[in-house]
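User: I am new to this structure and would like to be taken through it step by step. Could we look at it together?

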Amino acid sequence: MIREKLKNLEETCWRNPNIKDASLAISECPLGMKEVLDAAARWERFAPYFKVAFPETESLGGIIESPFREIPKMKAALEEAHNIKIGGNLWLKMDSHLPVSGSIKARGGVYEVLKTAEEIALREGLITKESDYSIFATDAVKQVLSKYSVAVGSTGNLGLSIGIMSAKLGFRVTVHMSADARKWKKDMLRSKGVEVIEYSADYSEAVRQGRLLAESDPYCHFIDDENSKTLFLGYSVAALRLKEQLREAGIAVDSAHPLNVYLPCGVGGGPGGVAFGLKLVFGNNVRCFFAEPVNACCMILGMSTGLHNKISTEDIGITAKTTADGLAVGRASGFVGKLMEPFMSGCYTLTDERMCRMLTKLADAEDIFLEPSALAGMYGPVLCETDEEFSPFKSQNATHIVWATGGSMVPPEEMKKYYLSGK
Ligand SMILES: *Cc1c(COP(=O)(O)O)cnc(C)c1O
């Protein structure tokens with residue numbers, strides 16, 4: 001039934017019947033707060049480096065973090081468009097405006113590059129974990145790292161974040177780009193000395209080719225978006241930071257004041273890592289929803305059938321083609337779906353057209369410009385009010401958090417096209 005709807009490219013909501021009590025799910029999970037805190041500590045060690053290498057991070061003490069902002073005018077616009085009242089308040093977590101690469105990939109992707117650099121530097125005796133990591137900005141360290149390379153397969157944003165970060169640290173870096181990747185992303189990477197290899201096939205093929213080439217080179221670290229726990233943990237640190245931002249904003253989170261968090265999903269690592277961290281921090285008081293384009297519905301397909309990465313959109317006759325290039329994935333990560341099974345509240349799909357219309361609406365209402373992928377979460381608060389499947393998540397006291405995953409680096413002329421297409 002749900003499979004039929006997905007096959008017909010209908011917008012679909014799915015509530016997860018396998019969700020468990022958060023403490024039970026956490027106790028049964030192979031990853032936990034210990035691993036998240038270890039990742040947070042690694043980010044901290046690199047803070048002195050970021051202050052030097054990316055001066056825009058200076059004001060936050062070298063920490064890569066994004067603004068958290070209430071969007072009441074957008075809430076009103078959604079209410080008017082759908083003729084509903086949305087219970088609670090609407091907030092935007094603006095990973096679209098993260099330093100370094102302007103998308104959520106500045107969490108996972110950058111983190112895995114840092115971890116790789118740290119391991120090499122420790123092994124080569126250049127640092128200890130107590131060193132001042134601004135040493136990574138020196139030519140001496142860059143020279144050592146230039147013996148090594150990093151490779152990744154990407155629909156665009158992961159390549160951008162890994163390419164920018166790796167090149168800055170001195171690594172040689174190759175990005176295998178799928179057909180969906182935007183030209184400006186390839187141009188920007190090439191301008192930074194990154195080798196970009198283009199494929200006419202989709203994301204899975206770009207990853208497969210990249211993995212093959214990297215395997216034959218012992219000095220190459222391949223960042224495996226479909227299987228990487230390191231990427232996942234890099235993303236998860238967002239939850240610790242959001243906890244602070246909620247506290248600063250005076251927002252209570254308890255059983256009477258739940259958080260509903262809506263996360264755009266591609267392969268699943270980004271939303272999975274963030275959601276996992278949030279469940280560790282807020283337990284049953286946070287409800288996490290993953291949002292996908294109707295054409296790239298790999299997570300809802302994998303979760304609702306229980307087949308996870310054993311099924312792809314192609315198997316039900318859909319090509320993962322979408323304007324939301326950050327989400328253009330036909331097969332979900334090998335471990336994220338399985339790991340998220342007891343934690344995720346639900347998934348939904350929406351059309352490209354709806355994402356584009358909301359892009360324009362958000363720009364008009366709040367003067368915030370995002371890329372289409374980043375709007376996938378914006379439909380969630382509406383669905384909690386209108387869709388039978390999500391009715392258990394309706395609440396007068398909820399804080400709805402839409403995770404805006406990218407957009408600040410989109411060139412103005414590209415953004416104008418997106419804006420006009422949503423008019
Ligand atoms: C990558 C990406 C996502 C989703 O992350 P996955 O790890 O692929 O699930 C969402 N939005 C944007 C803009 C992205 O680039």
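**Ligand and helices**

Analyst: In this predicted model, a polar backbone atom of Val267 lies 3.0 Å from an oxygen atom of the ligand.

User: How far is an oxygen atom of the ligand from a polar backbone atom of Gly270?

Analyst: Pairs of N or O atoms are taken as polar contacts within 3.5 Å. Gly266 offers such a pair, with a polar backbone atom 2.8 Å from a ligand oxygen. For the backbone of Gly270, the distance to an oxygen atom of the ligand is 2.7 Å.

User: How much of the area that the ligand exposes when taken alone does the protein bury?

Analyst: The starting point is the ligand taken alone, which exposes 380 Å². Of that area, the share buried by the protein is 98%.

User: Which residues come nearest, of the 16 around the ligand?

Analyst: A residue counts here if one of its heavy atoms lies within 4 Å of the ligand. Of the 16 residues around the ligand, those that come nearest are Lys105, Asn157, Gly268, Gly270 and Thr405.

User: At roughly what angle do the axes of helix 5 and helix 7 cross?

Analyst: Helix 5 covers residues 105-123 and helix 7 covers residues 157-169, and their axes come within 8 Å. The contact includes Lys105 of helix 5 and Asn157 of helix 7, and by class it has nine nonpolar, four polar and one charged residues. The crossing is right-handed, and its angle is roughly 35°.

Conventions
Residues are numbered from 1 along each chain as its sequence is written. This is a predicted model: local features need pLDDT of at least 70, side-chain atom pairs count only at pLDDT 80 or more; totals for chains, interfaces and linings use all residues. Side-chain values use heavy atoms; hydrogens and water are left out. Axes are lines fitted to C-alpha atoms, for helices over the stretch in contact, and angles run from 0 to 180 degrees between N-to-C directions. Helices (H or I, at least four residues) and strands (E, at least two) are DSSP runs, numbered from the N terminus. A crossing is left-handed if the near helix is turned anticlockwise from the far one by less than a right angle, and right-handed if clockwise. Contact means heavy atoms within 4.5 Å. Ala, Val, Leu, Ile, Met, Phe, Trp, Tyr, Cys and Pro count as nonpolar, Asp, Glu, Lys and Arg as charged, and the others, Gly among them, as polar. A polar contact is a pair of N or O atoms within 3.5 Å; within protein, one must be able to donate a hydrogen and the other to accept it, and residues adjacent in sequence count only if both atoms are side-chain atoms. Accessible areas come from the Shrake-Rupley method with a 1.4 Å probe; for residues, only the protein chains shown count as cover.
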